[in-house]
Amino acid sequence: MTEHADASEAVRDAVLEAADRIEENKTHLTDLDSAIGDADHGANMSRGFGAVAERVAEMDDAEPHEIVKTVGTTIISEVGGAAGPLYGGSIMSASTELADGVTAETTVAFAEAYLEKLTDRGGARVGDKTMVDALTPAVHTYKKSIEVDGLDPLAALAKAVDAAERGVAYTVPLRARKGRASYLDWRSVGHQDPGATSTLILAEAILDVAAEHLDGDVERDARDPAVIRAEKEGLDLAEAVDGEEPEGAE
Ligand code: ADP
Ligand code: MG
């Protein structure tokens, strides 16, 4: 098989895995959105990625950037609300960065373009309690791991996923300043952001498929302690994060 065909297969697998995980987490995402939004994030993402999976499964001869562009255009056409156009538009725009193939360099460019488009469109910054809180540290970590630390793309991606996970935990104590959750103002504090969570789910799917295709071991050595505790003790992340407050703190 040619390199291009390998990359296309990896990208297609990553997209299909992402769609599966969104489906698995549909109720979870909806529950998160019901606490600080309108309880449709799971349904929105599942509708979008369901349509994406159908289209992408048939794209046998497509190049990687064409597959990624289809992900974006499909989400735009299927998903309304805030997250749909943000995800879809940013993926579509950033897909051109993969026109020369899928390499360490082009994936850094893709990640940066995706973050830039998303913040341009949505106007959210780190600290506003949105998907930007998971995405920004992930993209910065990926770029730095490759360009400064000289890690290979898989190791860099693992660090990026850990950064996204910490970003999700960081949304819990924040007050929302963008999107529907901002209507709740201080009442949004203490809840995990749904869009940051779906961003992490997508990043994890990409990491796991990249590990399979690159035949590499993934070291998740910088995971968020609150997330690990939540998993171990069967807690909601918000409970685990709250539980970390020092005694006597308000
Ligand atoms: P809606 O808020 O229209 O119901 P969704 O429920 O699908 O759309 O998505 C909600 C998520 O969208 C939020 O959890 C947040 O992460 C993200 N979001 C909302 N507004 C913005 C924005 N301006 N910039 C970035 N992300 C945003
Ligand atoms: Mg919603």
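The paragraphs below lead from the overall fold of this predicted model to its ligand shell, its nonpolar core and a few single residues in loops.

The protein chain is built from 11 helices and has zero strands, so that, reading from the N terminus, the order of elements is α-α-α-α-α-α-α-α-α-α-α. Along the principal axes, the C-alpha atoms of the protein chain fill a box of roughly 60 × 40 × 30 Å. The radius of gyration of the protein chain is 17 Å, and because a compact globule with 250 residues would be expected to have a value near 18 Å, the two agree. Of the 250 residues of the protein chain, 49% count as buried. When contacts between residues at least 6 apart in sequence are considered, 64% of them join residues that are at least 24 apart.

With that frame in place, one can turn to the ligand. The shell around ligand 1 has 23 residues, of which G81, A83, G122, G179 and G195 come nearest. Three helices, namely α3 (41-57), α5 (83-94) and α9 (194-214), each supply at least two residues of this shell, and the largest share, three residues, comes from α9. By side-chain class, the shell around ligand 1 divides into eight nonpolar, nine polar and six charged residues.

One of these contributing helices, α3, can be followed in more detail. Its 17 residues should span 24 Å at 1.5 Å a residue, and since the end C-alpha atoms of α3 are 24 Å apart, the expectation and the model agree. Many positions along α3 can be listed as buried, namely H41, G42, N44, M45, S46, G48, F49, V52, A53 and V56.

What lies at the centre of the nonpolar packing? In soluble globular proteins, nonpolar side chains tend to be buried together. In this model the largest nonpolar core has 74 residues, and the members that touch the most others are A138 and I206. Setting aside neighbours within four places in sequence, A138 is in contact with A160, V161, A163, A164, G167 and A203.

The loops next to these helices hold some residues that deserve a separate look. In the loop between α2 (26-36) and α3 lies A39, which has a positive phi of about 60 degrees although it is not a glycine. A39 has 15 other C-beta atoms within 10 Å, and therefore it is partly exposed. On the far side of α9 in sequence, the loop between α9 and α10 (225-233) holds D215, another residue other than glycine with a positive phi, here near 55 degrees. D215 counts as exposed because it has 7 C-beta neighbours inside 10 Å, and the cut-off for that class is 12 or fewer.

The loop on the other side, between α8 (153-171) and α9, is the place of P173. With 15 other C-beta atoms within 10 Å, P173 is partly exposed, because a residue must have 20 or more to count as buried. Leaving aside its neighbours within four places in sequence, P173 is in contact with V189 and V241. The C-alpha atoms of P173 and E239 are separated by 11 Å, although these two residues are 66 apart along the chain.

Technical notes:
Residues numbered from 1 in each chain as written. Chains lettered and ligands numbered in written order. Predicted model: local features only at pLDDT ≥ 70, side-chain atom pairs only at ≥ 80, totals over all residues. Near = placed C-beta within 6 Å. Helix = DSSP H or I, 4+ residues; strand = E, 2+ residues; numbered from the N terminus. Nonpolar A, V, L, I, M, F, W, Y, C, P; charged D, E, K, R; others polar. Core = buried A, V, L, I, M, F, W, Y, C linked by C-beta atoms within 7 Å. Contact = placed C-beta atoms within 7 Å. Rg over C-alpha atoms; globule rule 2.2 N^0.38 Å. Expected span 1.5 Å × (residues − 1).
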